[in-house]
Each structure stands twice: as C-alpha cells, then as structure tokens.
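Hi there,

Here is the structure I promised to pass on to you. Have a look at it first, and then read on for what turned up in it.

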Amino acid sequence: MSMQLVQTNQSRATGQPLHMDSKELHHHIHADFARLRQIAPVAPAYISRRQKAFLILRYEDCVNLLKGDQLIKNPKTAQASGGQGMPWMPKAFEPLLHNMLNTDDPDHRRLRNLVHKAFTPKIIADLAGRIEQIANELLDRALLESRVDLVQAYALPLPITVIAELVGIPAADRAQFRRWVQKIVVNPTPFNMALALPALWRLLRYFRQLADQRRRDPQDDLLTALVQAEDEGDHFTEDELLGMVFLLLVAGHETTVNLIANGTLALLSNPEQLTLWRESPALAESAVEELLRYDGPLMTTEFSFARTEMTLHGVTIPQGATVLPTLLSANRDEAVFANADRLDLARTPNRHLAFGHGIHYCLGAPLARLEGRIAFNVLLERAPNLQLAVAPERLEYKNIMILHALKELPVVL
Ligand code: HEM
C-alpha cells in the first residue's frame, strides 16, 4: 500500500528497538518487519515505556514456538519466574484474565472443551442466513448516505451483532455494552487502566446479573450453556465464566472488524484484484484467506512468555520474558509466500498464521471466515462504485497493542 512508503521514524533509521505503542508504526509496519526479518529475526521491542518484549519475525520460528512447549501464556507463572508478566492492571480486571487465552494446559484444555462444541463448522455454517441478513440491513442504512465510515457503519456492527446474539446479550443492552467494551479495550498503561475502571465494574456487574437470570430462566444461547456447563464433572468458577464471556465478546469486537476494514482497504488499493473478485464471487474463500494473510487483524499473538531461557538466532531470551510471535510479519515472509507483498486473491496454498497456530489456534476461525466471506460478497455486490473518501495517508490506526486496526475507513458507497 502506498501509505507504507510515506513515513519514517527513529527506530527505522537507527535500527533501535521498535516502539509498539507508536501511532505511526502501522503506516510502515510491513516495511519495518521486512527489514527486521533480514537483520534481526528476534527483535527486542518496547510494548510501552516500561515493558519490553522479543518479537519473533520469521514464519518458521513463529510456527515452531507456537506448536512447541517453549512458550507459556499464564502471566502469573511468567512473573514468578522473573518476567514482567502482563502490564500492571487493577485487581478488578483479574476475573477477565481467567480465560483460555491466558491459561496453559491442563486448565486451557478444560476451558476450551467447554465451548468448542458451540463453534464447530457445522453450527457456524447454519448462521450464514442470519449473517447475510445483518449485512444487508446494515448496508440498507449505509446506502442512504453517500459517504460513511465503513468501520462504524458495517465492519464493526456486523461481527458484534453476531457474537452478541450467539452469547445471548439482549438487543436492548448492546449499545451500552459496546460503550463499556470500547472503554476497557485500551492500550494497557496504568493511566488507561485506571480510567477504564468504572466501565469495567459496570460490565462485570452486568455479566453477573445476566448469568443469574440465565440460571433462573434458561434460554437457547451460549451463556445458558455456560452456566449449565458440566464437562466430565468439571464446573466453571464464576471468574472463569466471566473471563470466557469477556474473551468471546472481545474477540467478536476487535478482530473480524479489522478483517473487513483492512481487507476493504487492501482491495481498494489493488483495484485489479477487486475487479477480479467482482467478476468471480466464487473466489471468496481464497480471497478471505489472502486478505487475512496480507494485512491481518492482529499484529502479534496475545502475550506469551518464555518457559525457560532460550537462544534463537544468537539472541538470548531470559526465562519469563515476553515473547510475541509476530503474525503480520510471518505472513509476509518470502521464504514461505512467493511475492509475499503482492495481494493475490487466488493464492493457494495459503498457510497464513492470522489465526495463530498450535493449541491456542483461534476458536472463532470458522465464524470469522464465514463472516468475512459474506461481508465482502454483500458489500461488493451492493456497492459497485465503492471508493475511498480520503487519501490513504490520512487514515489512522488505533494505538492498541496487538491489534492492527483502522480507526475509521471513510468510503463513498
Ligand atoms: C478475523 C478474525 C479473527 C482473527 C484474525 C483471530 C485471531 C486469533 C488468534 C491469532 C488467536 C491466537 C492468539 C494467541 O495464540 O495468543 C485467537 C484465539 C482465539 N480466538 Fe480468534 N480471531 C478472530 C476471530 C474470532 C472470533 C469471531 C471469535 C469468537 C468467537 C474468536 C475467539 C477466539 C478465542 C476464544 C481464542 C482463544 C483460543 C485458545 O486460547 O485456545 N476469534 N484468535
């Protein structure tokens, strides 16, 4: 994309560690990662002023670490072995950390088993009609305007509505719920965490009340299934229940939205590929995989930590240190993907890492893929003259660690 070429910063010029919380980083992220894959495939970086991490830039190294047992996810185990663990957060946030993504086996397996039955490809495929209906309703509204922010009008409400319905958040509460989540999902500095506290308390109180309601009055939704969950006699603790619901909803809020927004930008920046898709809608399956690879929703995996000291490409990573398999970089690795910087919607095979790899491989991948295919097919069909409404250099990215998320995507429909 042209905007990758326009900016420079000190890290790029001097080879100093990248600052992952820099607003500018996202504009030249693929060029920075390409350079690092060559000269520093294990690159020290700053997550914030105080928190350091090691970025793993090459595809093969990411796969090996994600499928092996050298990394752990539990921040408390990492801290106990001398690492920084998660950035500081108030105690009130702790229930939300009791989720499968921050847990290692055997707890991870127990938690994942409790929900994986709700996300099988068959169950998800049955949602196609409803997803299409939501996409069309959103576009009915958006098409009344000549210019819209595609993030707020389409890319965000589509996956949020789907996941909220699946979990069982009543329609009347969803706008309020979304405001709370937006206040909580911030870059985790102590200042931001403190600001997020009131929204967090309200959200936790809301979840507890809703779970109580489902205990008294079961419905056909995932929340009811969770409060009733018994997996080989294994009950959820209340914190685990809250952590699970929060994880599913945040995953529904913060990921697929970026697939749709980053993907639309990639298509508008590669008009010949956009035309190709319009001419052959059957391309949707490989096209969505390619958009996930080319400019995916997540910069890195969720925080991981070194189980023991290890050395990779001559760099010693201490026990407990934060290690971030860098998915955006792995997905542009020329050693695996020919012409990796080219968007090629027909690319096969396409073993990208946008959904991670190994035991924490994205549980929601079948849902995200289906949402992506439907969202793009409906958008391309109903907005034949789709165009960016601003120059690409003027687009801004959210400054939230691990995400690669546009703040807005103004388009003319
Ligand atoms: C395009 C959209 C999505 C992308 C790119 C994505 C990406 C990922 C990645 C990279 C991981 C692994 C993180 C790690 O190893 O630290 C992950 C895990 C997870 N994702 Fe997604 N995700 C997407 C959509 C969703 C949706 C819609 C859901 C909701 C149901 C979801 C639920 C989860 C869960 C529960 C995990 C944790 C799995 C585990 O720890 O075993 N994801 N996702």
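**What I found**

Leu-18 has Ala-45 of strand E2 as its bridge partner. Before I go on, please keep in mind that this is a predicted model.

That pair belongs to strand E1 (residues 18-19) and strand E2 (residues 42-46), which are parallel to each other and share two bridges. From E2 the chain goes on to E3 through a hairpin of five residues. E2 and strand E3 (residues 52-56) run antiparallel, with five bridges between them. If you want a place to look, find Ala-43, which stands opposite Leu-55 in E3. Leu-55 also stands opposite Leu-324 in E9. The pairing of E3 with strand E9 (residues 322-325) is parallel and has three bridges.

How many strands form this open sheet, and in what order? There are six, and the order is E1-E2-E3-E9-E6-E4, with mixed pairing. At the edges are E1 and strand E4 (71-72), each of which pairs on one side only. As a reminder, strands of a sheet pair through backbone hydrogen bonds, and the pairing can be parallel or antiparallel.

There is also an open sheet of three strands, in the order E5-E11-E10, and its pairing is antiparallel. Strand E5 (147-149) and strand E10 (387-388) are its edge strands, pairing on one side only. E5 is joined to strand E11 (residues 410-412) by three bridges, and the two run antiparallel. Within that pairing, Val-148 has Val-411 in E11 as its bridge partner.

**Around the ligand**

This may be the part you turn to at the bench. The ligand is surrounded by 27 residues, and the closest are Ala-251, Thr-301, Gly-356, Cys-362 and Gly-364. Four elements give two or more residues to this shell: helix H10 (157-167), helix H14 (238-254), helix H15 (256-269) and helix H19 (365-382). Which of the elements gives the most to the shell? H14 does, with four residues. By class, the shell has 17 nonpolar, eight polar and two charged residues.

**Helices that pack together**

Two packed helices are described by the angle between their axes and by the distance between those axes. I have two pairs to show you, and each includes a helix from the ligand shell.

In one pair, the axes of helix H8 (residues 128-142) and H10 come within 10 Å and cross at roughly 140°. Why is H8 called oblique to H10? Angles over 145 degrees would count as roughly antiparallel, and 65 to 115 as roughly perpendicular; the angle here belongs to neither range, so H8 is oblique to H10. Their crossing is right-handed. On the H8 side the contact involves Ile-131, Ile-134, Ala-135 and Leu-138, and these meet Pro-157, Leu-158, Thr-161 and Val-162 in H10. Seven residues of this contact are nonpolar and one is polar, with no charged ones.

In the other pair, the axes of H15 and helix H17 (residues 284-294) come within 9 Å and cross at roughly 95°. H15 and H17 are therefore roughly perpendicular to each other. H15 brings Leu-259, Gly-263 and Ala-266 to the contact, and H17 brings Leu-291, Leu-292 and Tyr-294. Of these contact residues, five are nonpolar, one is polar and none is charged.

**Backbone details in the loops**

Three spots in the backbone are worth a look on your screen.

- Asp-105 and Pro-106 are joined by a cis peptide bond, with omega about 5°. Pro-106 is in the loop between helix H5 (94-97) and helix H6 (107-116).
- Thr-348 and Pro-349 are also joined by a cis peptide bond, and here omega is near -10°. The loop that holds Pro-349 is the one between helix H18 (327-330) and H19.
- His-313 is not a glycine, yet has a positive phi of about 50°. You will find His-313 in the loop between strand E7 (310-312) and strand E8 (315-317).

Happy browsing, and do write back with any questions.

Best wishes

Definitions and conventions
Residues numbered from 1 in each chain as written. Predicted model: local features only at pLDDT ≥ 70, side-chain atom pairs only at ≥ 80, totals over all residues. Near = placed C-beta within 6 Å. Nonpolar A, V, L, I, M, F, W, Y, C, P; charged D, E, K, R; others polar. Axes fitted to C-alpha atoms, helices over the stretch in contact; angles between N-to-C directions. Parallel < 35°, antiparallel > 145°, perpendicular 65-115°, else oblique. Left-handed = near helix turned anticlockwise from the far one by under 90°. Contact = placed C-beta atoms within 7 Å. Pairing = 2+ DSSP bridges.
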